[in-house]
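User: Please take a close look at how one pair of neighbouring helices packs in this model, and then follow the aromatic contacts and the strands from there.

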Amino acid sequence: MGQGWEGGWREPRDGVEFQAALRALRERSGLTFRDLERAAERRGEVLPRSTAAEMLRRAAPPAPRVLTAFVLACGDDANLERWLAARARIADHPEPAQAPPPPAALDRVPRQLPHAPATFVGRERELAGLDRLVAEAAGAAGGSLGLLTISGVGGVGKTWLALRWGHRNLDRYPDGQLYVNLRGFDPSAEPVPPAAAIRGFLDALGDDPLALPPEPEAQAARYRSLLAGRRVLIVLDNAAGADQVRPLLPGSGGSTVIVTSRDRLTGLIATEGARPLPLGLLAQDEARRLLTRHLGPDRPAAEPSAVDDILTVCGGLPLALAVVAARAAAHPSLPLRALAAELRDARLGLDAFDGGDTATDVRAVFSWSYRALSPEAARLFRLLGLHPGPDLSLPAAASLAGAPAHRVRPLLADLGRVHLVDQPAPDRYAPHDLLRAYARELVESFDPEADQRAARRRLMQHCLRSAEAANRRLAPHWEPLGLPPAPPGVTVEEPADREAALDWFAAEHPVLLGALDLAVAAGAPAEAWGLARALETYLDYRGHWHDWAATQRIALDAAVRLGDQAREADAHRALGRAYTQMGLLEDGHRHFTRALRRYRELGDDVSQADTRRGLGWVCDQLGRQRDALDHNDRALELYRRAGHRAGQALALNNVGWLHAVLGDHRRALDYCAQAVELNRELGDRHAEAGAWDSLGYAHHHLAEYVEAARCFARALVLVRGFGDRFHETEILNHLGDTQLAAGDLDAARSTRRAAVEIGGQIGHPAVEELRAKLKETEPD
């Protein structure tokens with residue numbers, strides 16, 4: 001370089017000529033203001049970009065130290081003394097400042113889009129969604145700006161998707177691409193102010209810094225003016241919120257703006273017409289392809305079960321998959337099964353997902369969202385780490401926090417806004433498994449153990465009391481648990497009716513099983529026993545018999561720990577019912593017998609009668625109908641002695657059924673009709689369904705097929721209202737037999753298909769027999 005401007009060194013006559021010489025020096029250097037700052041640093045000088053731009057805008061000569069840094073950064077060492085001497089002369093004899101010349105027409109096409117991600121796979125549905133949203137914006141009335149938002153949890157691939165789409169559509173934007181990382185969720189820097197982003201865009205667009213007005217509002221107006229009529233892709237990556245984005249939006253259509261953020265940016269959607277694209281987790285096949293893209297096809301193909309385990313633990317989060325794949329690639333001799341075992345080790349937490357820097361450390365990436373929370377929302381997020389289920393309800397979250405639901409709902413909204421939880425259904429919230437692990441680390445690190453115990457206790461009480469309330473809807477004649485009033489801070493859900501109770505149990509099923517384990521771990525046998533008891537009806541109706549048996553084993557152990565013989569007997573009786581449903585008849589008989597012995601010792605006639613009915617059921621399944629009838633006759637006697645009418649209705653039905661099985665169908669009709677009438681009086685529609693089924697069975701064996709079909713139809717209507725799929729299968733089986741006997745082959749075939757379908761879904765013990773019956777009615 002070595003010269004002040006074209007033609008060699010010439011002494012400037014005034015301040016305007018001096019500034020023109022400085023501009024010429026910078027233009028010949030080819031350096032941007034960022035480059036000047038770095039070049040000055042390499043020479044041991046300090047020259048901030050803003051200072052360099054300001055010195056070229058003003059006619060007054062800069063301070064000597066600034067001038068020195070600028071000249072050395074431009075590489076004009078040979079003329080440094082002349083520059084300083086000219087500056088001193090002009091400063092001593094200033095001339096009136098003149099306005100700088102107007103800027104030249106812009107002809108620079110920015111190409112700021114970072115490179116496309118090399119390991120990107122899948123997301124075809126999302127890419128097509130972006131295509132559709134851009135097309136909708138282009139076709140909107142008035143040339144609407146194409147403003148799109150991509151939101152999702154940290155590490156889900158929002159930036160990758162935006163860049164992939166951008167590189168696939170470069171030809172749409174002949175006037176270039178602008179990109180800025182707004183650092184809205186960044187551990188090491190504050191969010192980029194909109195004014196700073198605008199100045200960077202103006203520089204990229206080739207605007208003369210000398211023409212840049214000092215006011216941020218005027219700079220934003222200039223930015224919009226430069227983009228008017230242009231077709232530019234603008235990617236605003238990692239935005240903190242709508243307020244950071246609004247000043248960066250062009251003023252008219254033609255350009256497309258894609259904003260990525262962990263925030264849902266609902267403000268942009270509401271006021272700016274942004275079209276949202278929520279980005280979820282990778283599908284299983286896409287996750288598998290991503291892992292294969294990193295490792296090549298051979299290793300995943302050699303260990304498919306280990307790959308399945310890895311995919312399960314990573315849960316479709318691209319960042320987690322990328323970190324794990326990088327570890328595997330760095331250790332080619334490491335078996336994938338060993339890596340999978342390490343990932344499954346709960347003691348390691350998120351340590352296995354640390355890629356070595358903040359951008360590839362899953363824990364660090366999650367922390368950027370966590371730091372954006374208010375103290376109240378942050379505490380709630382930590383407490384979610386104590387919840388045992390895959391998702392939770394608003395009342396459960398309120399119980400964890402020990403606060404009313406109306407105060408917790410906005411906190412959950414804050415967590416959802418930055419994608420720390422999803423909302424798969426109204427008032428239901430689900431953090432990703434790895435986010436739950438992160439929350440668990442935080443709560444164990446920051447919340448006192450006493451606070452953790454109190455939160456767990458509130459959650460267990462919520463589950464226990466809500467399950468008891470739901471069970472009362474399903475089994476109103478069951479003896480209640482007799483719980484005292486709910487402790488402070490516990491919010492109880494009370495389903496409005498039977499259908500709502502079934503829906504509640506279906507949603508909470510895995511949560512309740514987890515809460516039961518939580519009660520065991522916390523040394524709370526009373527809560528463990530009560531939860532198991534409250535789950536019985538639902539698990540029976542839905543055919544979850546293995547869960548039923550498992551929970552009652554926990555209940556039995558809890559009763560022994562409590563030293564409560566009545567609860568111990570109840571658990572034995574429940575195990576007898578569960579094992580009998582599973583077809584484990586000897587086990588069922590053994591537990592019923594133990595229960596009967598305990599109830600005798602306690603002098604509990606009603607529970608003895610209940611257990612006698614259970615023993616009658618087992619004996620019937622074992623082919624010992626005479627023993628079964630004897631048990632039920634004795635049960636009926638005990639119920640009558642105790643004045644227990646609901647029990648009498650059940651025993652009447654069982655006695656009638658057994659008379660029908662033994663061939664005394666007229667007597668069976670008498671007992672079953674009494675059972676139907678008594679259950680109607682009591683309002684026990686579930687027990688009434690069983691009595692109608694028995695009545696139909698007796699009519700069938702008397703060849704009274706029309707009456708039998710009517711009874712079965714009535715039984716089906718009633719039992720379906722309870723979601724009792726086991727007894728629905730039984731009734732369908734009986735109805736199919738009647739239809740076939742009446743000569744209606746098509747109806748019998750349809751009914752038996754339904755019985756096989758439901759029986760197969762719940763693992764009915766007689767499902768093979770049902771399939772054989774169906775085969776008899778199928779055409780050859």
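Analyst: What follows begins with one helix pair and then moves on to ring pairs and strands.

The model is a predicted one, and the description starts with helix H22 (residues 449-474) and helix H23 (residues 498-521), whose axes come within 9 Å and cross at roughly 145 degrees. The crossing in which H22 passes H23 is left-handed. On the H22 side the contact is made by Arg456, Leu459, Met460, Cys463, Ser466, Ala467, Ala470, Asn471, Arg473 and Leu474, while H23 contributes Arg498, Ala501, Leu502, Trp504, Phe505, Val511, Leu512, Ala515, Leu518 and Ala519. Sorted by class, the contact of H22 with H23 holds 15 nonpolar, two polar and three charged residues.

Phe505, one of the H23 residues that meet H22, also takes part in a ring pair. The centres of the Phe505 and Tyr538 rings are 5.1 Å apart and their planes stand at 15 degrees, which is under 30 degrees, so the pair counts as stacked. Because Phe505 belongs to helix H23 and Tyr538 to helix H24 (residues 525-541), the pair ties together parts that are 33 residues apart in sequence. Phe505 and Tyr538 are buried.

A tilted aromatic pair is formed by Trp657 and Tyr697, with 4.3 Å from centre to centre and 40 degrees between the planes. This pair links distant parts of the chain, since Trp657 lies in helix H30 (residues 645-661) and Tyr697 in helix H32 (residues 685-701), 40 residues apart. Trp657 and Tyr697 are both buried. Elsewhere, ring pairs join Phe366, Tyr370, Phe381 and Tyr438 into a cluster, and the count of aromatic pairs comes to 12.

Turning to the strands, strand S2 (residues 177-181) has four of its five residues buried, so S2 is largely enclosed by the rest of the structure. S2 runs parallel to strand S3 (residues 233-237), to which five bridges join it, and Leu178 stands opposite Ile234 of S3. Strand S1 (residues 146-151) likewise pairs with strand S5 in the parallel sense, over four bridges, with Leu277 in S5 as the bridge partner of Ile150. In S5 (residues 275-278), Arg275 and Leu277 form the covered face, whereas Pro276 and Pro278 form the uncovered one.

An open sheet of three strands follows the order S6-S8-S7 with antiparallel pairing. Strand S6 (392-393) and strand S7 (422-425) stand at its edges, each with a single partner strand, so one side of each is left without a neighbour in the sheet. Two bridges join S7 to strand S8 (residues 428-430), where Ala430 is the bridge partner of Asp422.

Conventions
Residues numbered from 1 in each chain as written. Predicted model: local features only at pLDDT ≥ 70, side-chain atom pairs only at ≥ 80, totals over all residues. Heavy atoms only, no water. Axes fitted to C-alpha atoms, helices over the stretch in contact; angles between N-to-C directions. Left-handed = near helix turned anticlockwise from the far one by under 90°. Contact = heavy atoms within 4.5 Å. Nonpolar A, V, L, I, M, F, W, Y, C, P; charged D, E, K, R; others polar. Buried < 20%, exposed > 50% of the residue type's maximum accessible area, 1.4 Å probe, protein only. Pairing = 2+ DSSP bridges. Phe/Tyr/Trp six-rings, centres within 6.5 Å; stacked < 30°, edge-to-face > 60°.
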